[in-house]
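Let's take a look inside a protein and see what its interior is made of. Here is a quick briefing to read alongside the picture.

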Amino acid sequence: MKIIDKINSPEDVKKLPLGEMDILAQNIREGILKRVNDIGGHLGPDLGIVEVTIALHYVFNSPSDKFVFDVSHQCYPHKMLTGRKEGFINNQYSISGYFNPDESEHDNFTIGHTSTSISLAVGLAKARDILGQKHNVIALIGDGSLSGGEAYEGLNNAGELNSNFIVVVNDNEMSIAENYGGLYKNLEELRNTKGNSQNNFFKSLGFEYMYVEEGNNIEALIQAFKTVKDINKPIVVHIHTLKGKGYKPAEENKECYHWHLAGFLDKKDEISKPIETYESITTDFLLNKKEKNEPVVAITAGTPGAVGFYPEFREKMGENYTDVAISEEHSIAYASALAKGGAKPVLALLSSFIQRTYDQLSQDLALNKTSATILVFWGTIGPMDATHLGIFDIPLISNIPNIVYLAPTNKEEYLAMLNWAYNQNEHPVAIRVPFIPLKSTGIEDKTDYSKLNKFKMIKKGEKVAIIALGNFFNLGEKISNKLKDELNIEATLINPCYITGVDKDMLNNLKETHDLVITLEDGVLDGGFGEKISRFYSTSSMKVKNYGAQKMFTDRVPLNELYKMFGLEENQIIDDIKKLIK
């Protein structure tokens, strides 16, 4: 019998003798490895936080005491100790990869984006004090999350508290990739002096401070947490852990094993032939500019691997590469100022993370009309967790004045758009990088993208016009073919290219020979691209039908189910068209 078999709640952890806790830690690691190998997920952060989580639940009394873990990278051990071990032992996908209050009373918030735990925990602590309650509030933060602006704001606010507030800083010497920023130099200094350096960032904000060198030693952690339990002032417990602990490849290659696809335990070491992707042609483009001694600056915000900025690329770019750490807001302002100063910034962010940057997009970038280039990756309808959906970038970016938002449909268009965005000096330009297998026409795209909002008519027809944006252009082609096969309608097929405007001339011309316009976009419809077309035709007799995602948070819903739910299956669209053109 494994020790984990006896653990159904934190109360069971408290009953364990210390001698069994290291065995429990090993059982938890086995569960983490099994789940990630079966379905993918965060690996290194969870392996490194096992002992910390056991000690927290041994000393504190969740859910009476409130835990708020940052970004959920480190939630798997917590889930296994709070009644959800079957989601790891038997890999029930119904257990999400993030904190989720719908699953357990031990999860206080749905959390997926980083640097939020301290702010959320400060609110819980203040509510407790106002209500005259007595319990501990513990914020855990790690994996580079301290570099995010909200973490600083939360720490600054927390320093004013005169009551119990515990921040556990999980210092594994890493972000998702390596750490960047001055704060991490201070953490290194604190590690090197075993917490005794007079230069202490946390103390400067009004916190008491404790350092635990052996952050993977359960006994040392229990002693530390017992010391700070029920404290009546804010304190930081700085613990030094090993990311990926217990799985040698994850210990040795921390960036690669931060998150992993399923099946990694079964793969043999083999060299696969490199394939061309939108990420690889992006890095080739940037390296080419660097080799020509152009003032290019490639930027990302703590997620270099997700956008194809792998270690070899970063090394080759040298000082022409900046990782601003987990600071998306800063990345926009930084890119804007680089452009103002005469450099050529190309900033790569994921769709779900660019949501954090609205004010900077509007004020620091668009209002100043600086010619930074922003690449938006992973924008699509997909089966992601609710915290990582890629469907909100279109209404967010496309409704800010002055920004040009482009949606390429193939390699040649993407390169042409990227080259134009990089070389021009008139507009902030965002490009929604295709999130589909790379498609190449083999024909150079010579479009002059400075002539804004000019759509491309790929096929001229009549009666029905299909305006298919970006990733959904392939769907538009399929609908066009089906209309020909089933209804003998030669539909007009349009690639709009621009998300931020409409081609008034082309849309007006469609009125002469068309009765119906449908729009296809793989983003949320409310405030999206299709609504611009509907608004244009609102005073005419043209029928318009918009297809895209509904305004809702979906959570790990399979893609085929999403398409059916949103009416995006080919047969559903054809049936709609039949009814609309009767």
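How do the residues of the lining of the largest cavity divide into nonpolar, polar and charged? Six are nonpolar, six are polar and three are charged. Keep in mind that you're looking at a predicted model. The bullets below start with the cavities and then move on to the nonpolar cores.

**Cavities**

- You'll find three cavities of 30 Å³ or more in this structure.
- The largest cavity has a volume of about 80 Å³, and 15 residues line it.
- Want to find its centre? Look for Gly144, Asn170, Asp171, Tyr184 and Leu187, the lining residues closest to that point.
- Three elements each give two or more residues to this lining: β3 (137-142), β4 (165-171) and α9 (182-192).
- Strand β4 supplies the largest share of the lining, with three residues.

**The largest nonpolar core**

- This core has 51 residues, and the ones touching the most other members are Ile54 and Phe225.
- Helix α2 (residues 18-39) gives the core its largest share, which is seven residues.
- Leaving out residues up to four places away in sequence, Phe225 touches Val52, Ala55, Leu56, Val59, Phe60, Val168 and Val237.

**A second core**

- There's also a separate core, this one with 42 residues.
- Among its members are Ile299, Leu361, Ala366 and Leu469.

Terms used. Residues are numbered from 1 along each chain as its sequence is written. This is a predicted model: local features need pLDDT of at least 70, side-chain atom pairs count only at pLDDT 80 or more; totals for chains, interfaces and linings use all residues. Side-chain values use heavy atoms; hydrogens and water are left out. A nonpolar core is a set of buried Ala, Val, Leu, Ile, Met, Phe, Trp, Tyr and Cys residues joined through side-chain atoms within 4.5 Å. Buried means under 20% relative accessible area, exposed over 50%, partly exposed in between (1.4 Å probe, protein chains only). Helices (H or I, at least four residues) and strands (E, at least two) are DSSP runs, numbered from the N terminus. Contact means heavy atoms within 4.5 Å. On a 1 Å grid over the protein atoms alone, a cavity is a set of points where a 1.4 Å probe fits but cannot get out, and a pocket is an open set with protein on both sides within 12 Å along at least five of seven lines; lining residues have an atom within 4 Å of a point. Grid points are joined across faces, edges and corners, and a volume is the space filled by probe spheres set on the points. Ala, Val, Leu, Ile, Met, Phe, Trp, Tyr, Cys and Pro count as nonpolar, Asp, Glu, Lys and Arg as charged, and the others, Gly among them, as polar.
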